[in-house]
Amino acid sequence: MTAPSSIDPAQFLHEQLSQASPDLLRQMLTTFINTLMSAEADAVCGAGWGERSDARTNTRNGYRHRDFDTRAGTIDVAIPKLRSGSYFPDWLLERRRRAERALTTVVATCYLLGVSTRRMEKLVETLGITRLSKSQVSTMAAELDAHVADFRTRPLDQGPYTFVAADALVLKVREGGRVVNVHALVATGVNADGHREILGLQVTSAEDGAGWLGFFRDLTARGLSGVRLVTSDAHNGLVAAIGATLPGAGWQRCRTHYAANLMAATPKASWPWVRALLHSVYDQPDSVSVHAQFDRVLDAVAEKLHPGAERLTDTRRSRISCHTPRQRT
């Protein structure tokens, strides 16, 4: 089961990056901002850094550093200095909220689909920058492309990744002059420091077994190891790919997907109490208590909602096979 197509992909990726990989998001934002300022300073000078040109009207003279607060944390931006006059990125520091929103959107989209000249042109237009030529934008996109590629293909050396979650998101993209659906496969893991980290993201034409198998093979080739439990929906191809590439890992059905499937078989008026009963199973301290509470929930639901009770019975093993008690503080 994939996420609904109404989800904004850039917003989804921004939220995932900021929650799971804040350091990587800050690094990418810093690279985007500094590269954009450098390109604009070159436009003011009339020539690129270190380039000999008769069109040059000014030269660079180092940098001055300034903090820039974002939702991913404070980043250090290096503002270029000029020999004659001054350069100041008004688009960044005066229209702060709009600039940050535009930059984080582009970061998320570039992580998903790669860097393109058109995407960078839209970013420049959004920020109100008018001094960059098409060749400068193209050069800037090429420089950033390598950084994004390194980010997407980095070695997974912060393991062991004990817990991994996998899901897919349906996106609409323009391809060959028409709009088509693609599937973005996403995996998030918990690293050795206890922090969530986006492990990988790939775009495929369909969410099938071959796509998931190739995705998990790429993760293991990059160093994914130490996985004890994977949570996902019950997509047959996904479950089979997990078993083929992570033979020592357990699998458990995602609670969020399962709750949505159960609510589909439940009258809307019964959603609150059915959901409360379902959550009571997850709150149990050990495996024995989990199965005992599941039996009580099954009896309660069977009295009023026969379809819901059938759904609970059919999926019992996949829901509570790898129960881990919640830590209480």
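## Helix H7 and its neighbours

Let's start with what packs against helix H7: its buried residues are covered by elements that include strand S3 (163-175), strand S4 (178-190), strand S5 (196-204) and helix H8 (236-245). Keep in mind as you look around that this is a predicted model.

Helix H7 itself runs over residues 209-221, which makes 13 residues. At 1.5 Å a residue, a helix of this length should span 18 Å, and the C-alpha atoms at the two ends of H7 are indeed 18 Å apart, so expectation and model agree. After the helix comes glycine 223, which has a positive phi, near 120°.

## Two faces of one helix

Which residues of H7 are buried? They are Gly211, Trp212, Phe215, Phe216 and Leu219. Looking down the axis of H7, you will find these buried residues within an arc of 120°, so they line one face of the helix. The general rule behind such a pattern is that an α-helix has 3.6 residues a turn, so residues three or four places apart point the same way.

Turn to the face of H7 that points away from the buried side, and you meet the exposed residues Ala210, Arg217 and Ala221.

## An aromatic cluster

The buried face also holds some ring packing worth a visit. The protein has 3 aromatic pairs. In one of them, the ring centres of tryptophan 212 and phenylalanine 215 lie 5.7 Å apart with their planes at 75°; because planes over 60 degrees apart count as edge-to-face, this pair is edge-to-face. Tryptophan 212 also pairs with phenylalanine 216, this time in a tilted arrangement, with 6.1 Å from centre to centre and 35° between the planes. Together, Trp212, Phe215 and Phe216 form one aromatic cluster.

Sequence spacing fits this picture. Tryptophan 212 and phenylalanine 215 are 3 residues apart in H7, a separation of about one helical turn. Tryptophan 212 and phenylalanine 216 are 4 residues apart in H7, again about one turn.

How accessible is tryptophan 212? Its relative accessibility is 0%, so tryptophan 212 counts as buried. Phenylalanine 216 is likewise buried, with a relative accessible area of 0%, and phenylalanine 215 is buried too.

## The protein as a whole

Stepping back, the protein contains 13 helices and 7 strands. Of its 329 residues, 45% are buried. Among contacts between residues at least 6 apart in sequence, 60% join residues at least 24 apart. The accessible surface comes to about 16800 Å², and carbon and sulfur atoms account for 49% of that.

How values were computed
Residues are numbered from 1 along each chain as its sequence is written. This is a predicted model: local features need pLDDT of at least 70, side-chain atom pairs count only at pLDDT 80 or more; totals for chains, interfaces and linings use all residues. Side-chain values use heavy atoms; hydrogens and water are left out. The expected span of a helix is 1.5 Å times one less than its number of residues. Buried means under 20% relative accessible area, exposed over 50%, partly exposed in between (1.4 Å probe, protein chains only). The arc is that of the directions from the helix axis to the C-beta atoms. Contact means heavy atoms within 4.5 Å. Accessible areas come from the Shrake-Rupley method with a 1.4 Å probe; for residues, only the protein chains shown count as cover. Rings of Phe, Tyr and Trp (its six-membered ring) pair if their centres lie within 6.5 Å; planes under 30 degrees apart count as stacked, over 60 as edge-to-face and the rest as tilted.
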